[in-house]
Amino acid sequence: DEFKSKVFTIKFVSTWTGNISTAWENINNWDCLKVPDENTDVIINAKTVILNSNAFCRSILLNGGANFTINSGAKLTVTH
């Protein structure tokens, strides 16, 4: 049993700040300075977010006061 593999799950959380603009794609709008990917749990507490491209996230939580728009031709894939 000493050779059994252990499985570790790493989860990342990124919170929308919207400090620069409304663009999802701008790294400066995220608290970790990275656009979320399929391993990221996204939290949007307030402000407006506009998705202009194809993007991924693990999960998304929109709290009261948040406005989220996916523009025509763009797509958000939530993997969890």
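In the predicted model, K47 counts as partly exposed, with a relative accessibility of 41%. This value falls between the 20% limit for buried residues and the 50% limit for exposed ones. K47 lies in strand β3, which spans residues 47-51. The backbone of K47 has a positive phi of about 75°, although the residue is not a glycine.

L33 also has a positive phi, here of about 55°, and is likewise not a glycine. This residue is found in the loop between β1 and β2. The relative accessibility of L33 is 53%, so the residue counts as exposed. The cut-off for that class is over 50%.

Strands β1, β2 and β5 form an open sheet. Their order is β1-β2-β5, and the pairing is parallel. The edges are taken by β1 (12-15) and β5 (59-62). Each edge strand has a single partner, so one side of each is left without a neighbour in the sheet. Neighbouring strands are turned by 15° against each other on average, direction ignored. Between β2 and β5, which run parallel, there are four bridges.

D41 belongs to β2, the strand of residues 40-44. Opposite D41 stands S59 of β5. The side chains of D41 and S59 also make a polar contact, at 2.6 Å. D41 counts as buried because its relative accessibility is 12%, and the limit for this class is under 20%. Leaving aside residues up to four places away in sequence, D41 touches K11, F12, V13, S14, R58 and S59. F12, V13 and S14 from this set fall within the range of β1 (12-15). S59 falls within the range of β5 (59-62).

The largest nonpolar core has 12 residues. W16, W24 and W30 are among them, as are V42, I44, V49 and L51. The set is completed by A55, C57, A66, A74 and L76. Two or more core residues come from each of β2, β3 and β4 (54-57). Strand β2 thus holds the buried D41 and also contributes to this core.

Within the core, L51 can be followed through its contacts. L51 touches W24, A74 and L76, which are core members too. Other residues in contact with L51 are E25, F68, T69, I70, N71 and K75. Residues up to four places away in sequence are again not counted.

How values were computed
Residues are numbered from 1 along each chain as its sequence is written. This is a predicted model: local features need pLDDT of at least 70, side-chain atom pairs count only at pLDDT 80 or more; totals for chains, interfaces and linings use all residues. Side-chain values use heavy atoms; hydrogens and water are left out. Buried means under 20% relative accessible area, exposed over 50%, partly exposed in between (1.4 Å probe, protein chains only). A polar contact is a pair of N or O atoms within 3.5 Å; within protein, one must be able to donate a hydrogen and the other to accept it, and residues adjacent in sequence count only if both atoms are side-chain atoms. Contact means heavy atoms within 4.5 Å. A nonpolar core is a set of buried Ala, Val, Leu, Ile, Met, Phe, Trp, Tyr and Cys residues joined through side-chain atoms within 4.5 Å. Two strands pair if DSSP finds at least two bridges between them. Axes are lines fitted to C-alpha atoms, for helices over the stretch in contact, and angles run from 0 to 180 degrees between N-to-C directions.
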